[in-house]
Amino acid sequence: MNLIILLLPIIAIVLMFRSQKKRQQQQQSMQTALEPGAGVRTIGGLYAQVKAVNDETVELEIAPGVVTHFTKSAIAAVLDPQEYDAIINGRPADDELSEPEAEDADAAPVEDKPLTLTKDSKDSAEKGDVEGGAPASK
């Protein structure tokens, strides 16, 4: 029984170190795979394109003509070219749904009446259904 109590924390520690080492290995392989032209996301959530890769730093273009320097460890993910393009330029037009346009076609056209603050006629003011005007006073 005492042996189980001693082995359980040791096994938990070994598993934690193993998973941490695996994450570090994935991060290292991702950093070595950085190449100019790749789209990346930093740990701060900034999307940019790699311009140059140095020993410890990466030059990222965050806007046309604006290049910044980041450490390699600041890169959270290297994105696929399609994913990077979809994030930066928005979703392609054929992915959007066309249902709202269909609903607009079925709806009756709305007449554009100018908003007035005067009473149009006494009859409509007495009924209380003055459109686009102020409420009738009593």
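A residue counts as buried when its relative accessible area is under 20%, as exposed when that area is over 50%, and as partly exposed in between. Keep this scale at hand for the exercises below, which walk through a predicted model.

**Exercise 1. Describe the overall make-up of the protein: how many helices and strands are there, and in what pattern do they follow one another along the sequence?**

Step 1. Start with the elements: the protein has four helices and five strands.

Step 2. Now put them in sequence order, which gives α-β-β-β-β-β-α-α-α.

Step 3. Turn to the surface. About 11400 Å² of the protein is accessible, and carbon and sulfur atoms account for 56% of this area. Of the 138 residues, 15% count as buried.

Step 4. Finish with the contacts. Taking those between residues at least 6 apart in sequence, 35% join residues at least 24 apart.

**Exercise 2. Classify Val-58 as buried or exposed, and find which residues it is in contact with.**

Step 1. Locate the residue: Val-58 belongs to strand β3, which covers residues 57–63.

Step 2. Apply the scale. The relative accessibility of Val-58 is 0%, so this residue counts as buried.

Step 3. List the contacts. Setting aside neighbours within four places in sequence, Val-58 is in contact with Leu-34, Val-50, Ala-52, Thr-68, His-69, Phe-70 and Lys-72.

Step 4. Pick one of these partners, Thr-68. Thr-68 is ten residues from Val-58 along the chain, and their C-alpha atoms are separated by 8.3 Å.

Step 5. For contrast, try Ala-63, also in strand β3. Its relative accessible area is 30%, so Ala-63 is partly exposed. The C-alpha atom of Ala-63 is 8.8 Å from that of Gln-49, a residue 14 places away along the chain.

**Exercise 3. Find the salt bridge in the model and say which parts of the chain it ties together.**

Step 1. Count first: there is one salt bridge.

Step 2. Name the partners. The side chains of Glu-61 and Lys-51 meet at 3.1 Å, N to O.

Step 3. Place them. Glu-61 sits in strand β3 and Lys-51 in strand β2 (residues 47–53), so the pair links parts that are ten residues apart in sequence.

Step 4. Check each partner on the scale. Glu-61 counts as buried because its relative accessibility is 17%, whereas Lys-51, at 40%, counts as partly exposed.

**Exercise 4. Lys-72 is buried yet has no salt bridge; work out what its side chain reaches.**

Step 1. Find the residue in the loop between β4 (66–71) and β5 (75–79).

Step 2. Look for a charge partner. The nearest side chain of opposite charge is that of Asp-55, 6.3 Å away. A salt bridge needs the nitrogen and carboxyl oxygen within 4 Å.

Step 3. Look at the backbone instead. The Lys-72 side chain reaches the backbone oxygen of Asp-55 at 3.4 Å.

Step 4. Add the surroundings. Not counting residues up to four places away in sequence, Lys-72 touches Gln-31, Val-53, Asn-54, Asp-55, Glu-56, Thr-57 and Val-58. You met the last of these, Val-58, in Exercise 2, where Lys-72 was among its contacts.

**Exercise 5. Which residues make the nonpolar surface patch, and is Leu-3 buried or exposed?**

Step 1. List the members: Leu-3, Leu-7, Ile-10, Ile-11, Val-14 and Leu-15 form a patch of about 570 Å².

Step 2. Take Leu-3, which is found in helix α1 (residues 2–32).

Step 3. Use the scale once more. With a relative accessible area of 57%, Leu-3 is exposed.

Note on methods:
Residues are numbered from 1 along each chain as its sequence is written. This is a predicted model: local features need pLDDT of at least 70, side-chain atom pairs count only at pLDDT 80 or more; totals for chains, interfaces and linings use all residues. Side-chain values use heavy atoms; hydrogens and water are left out. Patches are made of residues with over 30% relative accessible area and no salt bridge: like charges are joined within 9 Å, nonpolar side chains (Val, Leu, Ile, Met, Phe, Trp, Tyr) within 5 Å. Accessible areas come from the Shrake-Rupley method with a 1.4 Å probe; for residues, only the protein chains shown count as cover. Helices (H or I, at least four residues) and strands (E, at least two) are DSSP runs, numbered from the N terminus. Buried means under 20% relative accessible area, exposed over 50%, partly exposed in between (1.4 Å probe, protein chains only). Lys and Arg count as positive and Asp and Glu as negative; His and the chain ends are not counted. A polar contact is a pair of N or O atoms within 3.5 Å; within protein, one must be able to donate a hydrogen and the other to accept it, and residues adjacent in sequence count only if both atoms are side-chain atoms. Contact means heavy atoms within 4.5 Å.
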